[in-house]
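Work through the exercises below with the sequence and the model open side by side. Try each task before reading its solution.

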Amino acid sequence: MEGAMIGSKARALGYRRLSDKDQSHYSLDYQQKAIADYCVRYGLELVEIFTDNGECSDSFDRPDYRKLESFIRRHKGAFQYLLIMDHDRFSRNLPEALLKIEELQRKFSIKVLATNEDLNLDVRDPDVFIQRAFRYLMANQELLRIRQRTRNGIRQAQLQGRFVNKAPFGYVNVKDAQGRGTLAVDPEKAELVRWMFEQYLGGVPMFQVLREAGKKGFSRTGGNAMLNLLRNCTYAGLVRVKSHTGGRDVFVKALHEPLISEPTYWRVQEMLGFKKVGKAEVAGDMPLRGTLRCWCGSQMTAAYSQGKCRKYLYYWCKQHRGLNIPGRVVHEKLSELLSLLELGGREMAFIKSRVIGFLQERSVHEQSALQALQAKAGELELKIEKPEAKYISDEIDYDAYGKWKPRLAGELQAIYAELKDKILRLEQDHQRQLDRALRSVKSVGDIFERASPVFKQRLLTTIFPGMLFFKDGKFYTEGINVMFKGVAENGRAGHLIAFR
């Protein structure tokens, strides 16, 4: 390599990066071409390009970037420039990027340049520093936005009952019909999990259960292996959703098959000394639990009572055990009341914007496919331009030009037709889904029916910020959201709700 560096031209190294979830149009080939063109434009000798494919941008701990720095140290003084397609290909971490640029300049006299920057750019100029800081700030902001979208996506999946992590012992990770991650039971290991819960419930010491389970094929090790298994609500068909507001975690009914019953799981938690955990559970058939109040002001809870033929749901006050409100009655009245809380223009506009946002997020795959087609069309256009330029400059004859032009032009026309068809179908599909969503949502009741248990409770506390009571077939409240105050006062819902 030393021999290759002897010459009069200024020498440069290139670096390109693409993350495994990159949605930009900066393909590796595109980055390489931009760097190579930059070297031609300024008469630089491009010695080598280092590539990190599938690496994140928040750290410089990337395999090929480490090789790049090692290469620079071994050949200190041999290179003057490190070229990147754009600064967000170098990093999205604002402080680390600026420090790394300063380090390369100070230790190795290497100037880091993006292909949209001039070769003679004065990197010591305060204005240049501010401009670059702003670029990295925007890239950093996009990185944080990506992370937030990921966290929100995970939380939303969990609220829908979807398990999103590595499968615990007894399960395997699989994809459902929609291609989304879920869990499937590993029959042999599942029996061992059930046996471990049964043994502990039967009073067998934890260390003894773990020792015997190891002989039967339990592969987890460590001092907390048994405790972690017993504490894992996944086995009871629950998904634990951590609170992001500092409140208590909630438990949602999972989509996967449970290995043990919920009562078994909660009895184990009591034996372990975690009795209070169970109170955070959100039950889909008890939406008013924790929202409905007794006349004394205490929150009402809910439970099933065994009748002659089946169980019946009741809401009741811990302070006044004689006050029992049938769940069927209060739920019917609540459904009727919410159906009368119609959505106005502002609310429908908000719902429309959220639906459009959801459709746009869901169409990331389609957008990626469109970008790929656009990139392919751009490559074909370049291929067509090259023989045209050679024909004009008499580098090739008409026969050679005529051989390539029709085939490439036909391929380009086919791509444009496919692009047009995909864009049209995507727009039509989005419009159909938007129309369907807006037709099906006319009142708060329509939203409530489709909501998850957690969202139902949040929706109720948003509509009724004050206390909510129920007596003699009618709701009473100390306050209602201003959006629906007119509905409650103009008589349409007067037979169902009154202000206390």
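The exercises go from helices to salt bridges, cores, one strand residue and cysteines.

This is a predicted model: local features need pLDDT of at least 70, side-chain atom pairs count only at pLDDT 80 or more, and totals for chains, interfaces and linings use all residues. Residues are numbered from 1 along each chain as its sequence is written, and side-chain values use heavy atoms, with hydrogens and water left out.

**Exercise 1. Helix H1**

Task: Check the length of helix H1 (residues 28–42), then find which residues of H1 are buried and what they pack against.

Solution:
- Start with the definition. Helices (H or I, at least four residues) and strands (E, at least two) are DSSP runs, numbered from the N terminus.
- Take the expected span, which is 1.5 Å times one less than the number of residues. For the 15 residues of H1 this gives 21 Å, and the end C-alpha atoms lie 22 Å apart, so the two agree.
- Apply the accessibility classes: buried is under 20% relative accessible area, exposed is over 50%, and partly exposed is in between (1.4 Å probe, protein chains only).
- Leu28, Gln31, Ala34, Ile35, Tyr38 and Cys39 are the buried residues of H1.
- Look down the axis of H1. The buried residues fall within an arc of 135°, so they line one face of the helix. The arc uses the directions from the helix axis to the C-beta atoms.
- Turn to the other side of H1. Asp29, Val40 and Arg41 are exposed there.
- List the packing partners, with contact meaning heavy atoms within 4.5 Å. The buried residues of H1 pack against strands E1 (11–18), E2 (45–53), E3 (81–84) and E4 (111–114), and against helix H3 (87–90).
- Step just past H1. Gly43 has a positive phi of about 70°.

**Exercise 2. Helix H9**

Task: Which elements do the buried residues of H9 pack against?

Solution:
- H9 covers residues 262–272, and its buried residues include Tyr265, Trp266, Val268 and Leu272. Polar names are on the list too: Glu262, Thr264 and Gln269 are among the buried residues of H9.
- The partners are helices H6 (187–201), H7 (206–216) and H8 (225–231), with strands E7 (238–241) and E8 (250–253).
- After H9 comes Gly273, with a positive phi near 90°.

**Exercise 3. Salt bridges**

Task: How many salt bridges does the structure hold, and where do the partners of Arg328 and Lys215 sit?

Solution:
- Set the criterion: a side-chain nitrogen of Lys or Arg within 4 Å of a carboxyl oxygen of Asp or Glu.
- The whole structure gives eleven salt bridges.
- Lys215 pairs with Glu212, with closest N and O atoms 3.6 Å apart. Both lie in helix H7, three residues apart, about one turn.
- Lys215 is exposed at 63% relative accessibility. Glu212 is partly exposed at 30%.
- Arg328 pairs with Glu332 (3.6 Å, N to O). The two are four residues apart in helix H10 (residues 327–340), about one helical turn.
- An α-helix has 3.6 residues a turn, so residues three or four places apart point the same way.
- Arg328 is exposed at 56%, and Glu332 is partly exposed at 47%.
- Finish with the network. Glu69, Arg73, Lys100, Glu103 and Lys107 are joined into one by salt bridges that share partners.

**Exercise 4. Nonpolar cores**

Task: Which elements build the largest nonpolar core?

Solution:
- A nonpolar core is a set of buried Ala, Val, Leu, Ile, Met, Phe, Trp, Tyr and Cys residues joined through side-chain atoms within 4.5 Å.
- The largest has 29 residues, and Phe197, Leu229 and Tyr235 are among those with the most contacts inside it.
- H6, H7, H8 and H9 each give two or more residues to this core. H6 gives the largest share, six residues.
- Leu229 is in contact with Val193, Met196, Phe197, Phe218 and Tyr235, leaving aside neighbours within four places in sequence.
- A second, separate core has 27 residues, including Tyr315, Val444, Phe448 and Phe464.

**Exercise 5. Leu468**

Task: Is Leu468 buried or exposed, and what does Leu468 touch?

Solution:
- Leu468 lies in strand E13 (residues 468–471).
- At 1% relative accessibility, Leu468 is buried.
- Beyond four places in sequence, Leu468 touches Leu288, Thr291, Leu292, Arg293, Phe475, Tyr476 and Thr477.

**Exercise 6. Cysteines**

Task: Why does Cys294 form no bond with Cys296?

Solution:
- A disulfide is a pair of cysteine sulfur atoms within 2.5 Å.
- The closest cysteine sulfur to that of Cys294 is in Cys296, 3.6 Å away, too far for a bond.
- Cys294 is buried, at 3% relative accessibility.
- The structure holds zero disulfides.
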